[in-house]
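Student: I would like to learn how to read a protein structure that I have never seen before. Could we go through it together, one feature at a time?

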Amino acid sequence: MVGTRQTKILILGATGTIGNLAARTIVSKRPDVGLRLTSHRTEGAEALKCEFPDQEVQRVSLENVPSLVEALRGVDKALVVYPDMIDERRCCNALVTAISGAGGPKHVVRLLTCPPGLELEDLTSEEKEIPIGFVQGVVARHVLANSGLPITFVNILSVFMSNLLWSAETIREDHELVLPTLQ
């Protein structure tokens with residue numbers, strides 16, 4: 001492909017179940033696409049280097065704007081799959097600032113978990129302080145939707161489903177699968 005620029009996709013959160021599956025799928029089905037894979041953990045970045053030796057790998061601090069700018073520089077698209085139990089307000093504000101500072105990407109896809117129709121204004125001040133789960137998804141969607149950046153949200157039960165096996169014993173004992181929501 002002389003004279004053509006290879007598409008570059010950034011995956012923020014490539015060591016997680018969904019981010020890693022996306023990376024493996026792109027590598028196997030679209031060898032013409034280059035990946036920049038990230039982890040916020042040193043051992044995660046090392047594992048990615050072993051699993052994807054032909055792709056770029058970086059350790060990125062999700063709250064550190066310069067770290068994010070470096071990861072975003074020169075990519076065309078980004079898939080953002082943040083781990084559970086992070087401060088979405090700080091991380092999303094850092095991401096918005098970094099995207100502006102890096103001059104792109106042209107499009108961002110953000111996976112999150114939040115009940116359809118639930119807005120930040122619908123939450124009580126106590127609920128807004130819950131550090132995990134769908135409340136953080138509502139916070140993330142609010143920050144990113146109001147940024148004016150080219151973002152598509154994919155709303156999935158990612159947090160819940162990744163914990164399904166962890167919850168299996170309780171499900172067997174109670175014969176009940178409970179999805180916690182606000183009343």
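Tutor: What follows is a conversation that goes from the overall layout to the core, the helix packing and a few single residues. Please keep in mind throughout that this is a predicted model.

Student: Let us begin with the layout, then: how many helices and strands are there in the protein, and in what order do the elements run from the N terminus on?

Tutor: The protein has 8 helices and 6 strands, and, read from the N terminus, these elements follow the order β-α-β-α-β-α-β-α-β-α-α-β-α-α. Of the 183 residues in the protein, 40% are buried. If you take the contacts with a separation of 6 or more, 65% of them are between residues 24 or more positions apart.

Student: Which residues have the most contacts inside the largest nonpolar core, and which elements each supply at least two residues of this core?

Tutor: The general idea is that nonpolar side chains in soluble globular proteins tend to be buried together. Here the largest nonpolar core has 35 residues, and those with the most contacts inside it are Leu 10, Leu 12, Leu 68, Leu 72, Tyr 82 and Leu 95. At least two residues of this core come from each of strand E1 (8–12), helix H3 (65–72), strand E4 (77–80), helix H4 (88–102), strand E5 (107–112) and helix H6 (134–145), and the largest share, 8 residues, is that of H4. There is also a second, separate core of 16 residues, which includes Ile 9, Ile 11, Leu 37 and Leu 48.

Student: Could we look at one core residue in detail: where is the place of Leu 68, and does Leu 68 count as buried or exposed?

Tutor: Leu 68 sits in helix H3, and it counts as buried because its relative accessibility is 0%. Leaving aside neighbours within four places in sequence, Leu 68 is in contact with Leu 12, Val 60, Ser 61, Leu 62, Tyr 82, Ala 94, Leu 95 and Ala 98. A distance along the chain can also be set beside a distance in space: Leu 68 and Ala 102 are 34 residues apart in sequence, while their C-alpha atoms are 8.6 Å apart.

Student: At what angle do H3 and H4 pack, and which residues make the contact?

Tutor: Two packed helices are described by the angle between their axes and the distance between those axes. For H3 and H4 the angle is about 50° and the axes are 8 Å apart, which makes H3 oblique to H4. Their crossing is right-handed. From H3 the contact uses Val 65, Leu 68, Val 69 and Leu 72, and from H4 it uses Ala 94, Leu 95, Thr 97, Ala 98, Ile 99, Gly 101 and Ala 102. By class, this contact has 9 nonpolar, 2 polar and no charged residues.

Student: How are H4 and H6 placed relative to each other, and which residues of H4 and H6 meet?

Tutor: H4 and H6 pack at an angle of about 25°, with axes 9 Å apart; angles under 35 degrees count as roughly parallel, and H4 and H6 are therefore roughly parallel to each other. H4 passes H6 in a right-handed crossing. In H4, Glu 88, Arg 89, Cys 92, Asn 93, Leu 95 and Val 96 meet Gln 136, Val 139, Ala 140, Val 143 and Leu 144 in H6, and the residues of this contact divide into 7 nonpolar, 2 polar and 2 charged.

Student: Is Glu 88 buried or exposed, and with which residues is Glu 88 in contact?

Tutor: Glu 88, in helix H4, is buried, because its relative accessible area is 5%, and the cut-off for buried is under 20%. Apart from neighbours within four places in sequence, Glu 88 is in contact with Tyr 82, Asn 93, Arg 110, Gln 136, Val 139 and Ala 140.

Student: Finally, which residues does a cis peptide bond join?

Tutor: In general, most peptide bonds are trans. In this model a cis peptide bond joins Gly 104 and Pro 105, with omega at about 15°, and Pro 105 is found in the loop between H4 and E5. Another proline, Pro 116, lies in the loop between E5 and helix H5 (125–128) and counts as exposed, at 76% relative accessibility.

Terms used:
Residues numbered from 1 in each chain as written. Predicted model: local features only at pLDDT ≥ 70, side-chain atom pairs only at ≥ 80, totals over all residues. Heavy atoms only, no water. Core = buried A, V, L, I, M, F, W, Y, C linked by side-chain atoms within 4.5 Å. Buried < 20%, exposed > 50% of the residue type's maximum accessible area, 1.4 Å probe, protein only. Helix = DSSP H or I, 4+ residues; strand = E, 2+ residues; numbered from the N terminus. Contact = heavy atoms within 4.5 Å. Axes fitted to C-alpha atoms, helices over the stretch in contact; angles between N-to-C directions. Parallel < 35°, antiparallel > 145°, perpendicular 65-115°, else oblique. Left-handed = near helix turned anticlockwise from the far one by under 90°. Nonpolar A, V, L, I, M, F, W, Y, C, P; charged D, E, K, R; others polar.
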